[in-house]
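Grab a pencil and work through a few short exercises. Each one sets a task and then walks through the solution.

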Amino acid sequence: MKGLTLAVAGISGCIGTTIAAGLVGLRRRPDTTGLLTELAWPTGSGRATSLASRLGLAPLSAMAVMGWDVETRPLAESVCEKGIVAADLAQTVAAELQDTRPLPAIAGRRAEALRRAREQLRKVRADGNDVVLIDVLPAVETPVASEVHGDIDAFEQALMADDPAITPSMIYAWLALSNEIPYLNFTSNVSVELPALRALAQRKRTPFCGKDGKTGQTLLKTTLAPMLALRGLRVRGWISANYLGNADGENLSHPEHAAEKLRNKLGVLDDILGYPVENHIVDIRYYGPRGDFKESWDNIDFTGFCGIPMQIKVNLLGGDSVLAAPLAIDAARLLNGAARTGAVGPQEQLSLFFKRPIANGAAEHDLFRQRDLLERWVKATERSRT
């Protein structure tokens, strides 16, 4: 069984360091809480076994990390500074992560930086490892539409010319796809949905998935909305408030950076319910005392039998990166599994991991229907392996 290296763009951030610490920690004291791929899923015979076993996914013990960041200190130092994982785990993984340094982020003078990055990826693959590139970069302003986004040749010329129309997430998406490495967009940034990059994925016969990891409030929304729809209860309004005290929250306090994130959060409800919810408000605020533990409040106004008004109120206080890291690991393992079957382009069976799934047609947002998409793919993959 091949190993799997997760190449993380933005590895020194909260999610990247949690992924790194978590994977090293799992090799020392296995605790797979939060990992969907390690859950026992029933088979057609009535037996229950994990998705990892059913699909022959890369073992957690054979997974490693590398990555890029503007912060290039050893990951052990970044893990301690973030203070997200427990102190005893940070101490347990410190020796190994002290030897893991992020590579310099791909920024100016892109042609040379990309040449170095391609060589680094080539060396990892030469050792016999598969690679999935995970994008956890900070949210940026939604780029103005450009003609270079629609044609791969024009895109590559603009990329090498340091054209600002090519954003960091687009750079890493191109790096992955041009090297036939599966790409996972865990951010809200525009990247692989661009026609140019979709064309590149087809040319290189490479799969991708995204976007924007569905970790907390949207996970609740895509669970509660199907329940209300199933019971025939009419949603009159839905208020979602988010408070984050980490770097992501500070970044999203700038409206231009939050625009794509808000679009992703707002887009799920009407599709699930089958009608527009006129009073649907999503608000994201930076609130320092919360740190990496984001707090969300949801208020749902709905009407029942005889038009009687009712409400649901939900409060979530969850570790942002602790929720995100296993989700990214799961999606990467499954994306790698899809690549080994010859999959190409958007992997819709992985929709349940994302706020705004990239699909060939209309995306599915209902969490339970998304689960069915994954299960159907799992069964089809199992049949093809036998």
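Before you start, you need one cut-off: a residue is exposed when its relative accessible area is over 50%, and buried when that area is under 20%. Keep in mind that this is a predicted model.

**Exercise 1. Decide whether C80 is buried or exposed, and find out how many disulfides the structure holds.**

Step 1: C80 has a relative accessibility of 52%, so with the cut-off of over 50% C80 counts as exposed.

Step 2: Now go for the disulfides, where two cysteine sulfur atoms have to lie within 2.5 Å. The count for this structure is zero. Take C80 as an example: its nearest cysteine sulfur belongs to C14 and is 14 Å away, and C80 is in no disulfide.

Step 3: Try another cysteine, C306. Its relative accessible area is 66%, so C306 is exposed.

**Exercise 2. Find which residues have the most contacts inside the largest nonpolar core, and which helix gives the largest share of this core.**

Step 1: The largest nonpolar core is made up of 54 residues, and L6, L184 and L374 have the most contacts inside it.

Step 2: Ten residues of this core come from helix α13, residues 320-340, and that is the largest share.

Step 3: Zoom in on L184. Leaving aside residues up to four places away in sequence, L184 touches V132, L133, I134, D135, C209, A328, A331, A332, L335 and F354.

Step 4: There is also a second, separate core, with 39 residues. W68, A165, A176 and L200 are among them.

As background, nonpolar side chains tend to be buried together in soluble globular proteins.

**Exercise 3. Look at the backbone: what is the peptide bond from G210 to K211, cis or trans, and what is the phi of D212 and of R109?**

Step 1: Start from the general rule that most peptide bonds are trans and most residues other than glycine have a negative phi.

Step 2: The bond from G210 to K211 is cis, its omega being near 0°. K211 sits in the loop between β8 (207-210) and α9 (217-230).

Step 3: D212 lies in the loop between β8 and α9 too, and has a positive phi near 70° without being a glycine. With a relative accessible area of 1%, D212 is buried.

Step 4: R109, also not a glycine, has a positive phi of about 50°. You'll find R109 in the loop between β5 (103-104) and α5 (110-126). At 68% relative accessibility, R109 is exposed, whereas D212 is buried.

Note on methods
Residues are numbered from 1 along each chain as its sequence is written. This is a predicted model: local features need pLDDT of at least 70, side-chain atom pairs count only at pLDDT 80 or more; totals for chains, interfaces and linings use all residues. Side-chain values use heavy atoms; hydrogens and water are left out. Buried means under 20% relative accessible area, exposed over 50%, partly exposed in between (1.4 Å probe, protein chains only). A nonpolar core is a set of buried Ala, Val, Leu, Ile, Met, Phe, Trp, Tyr and Cys residues joined through side-chain atoms within 4.5 Å. Helices (H or I, at least four residues) and strands (E, at least two) are DSSP runs, numbered from the N terminus. Contact means heavy atoms within 4.5 Å.
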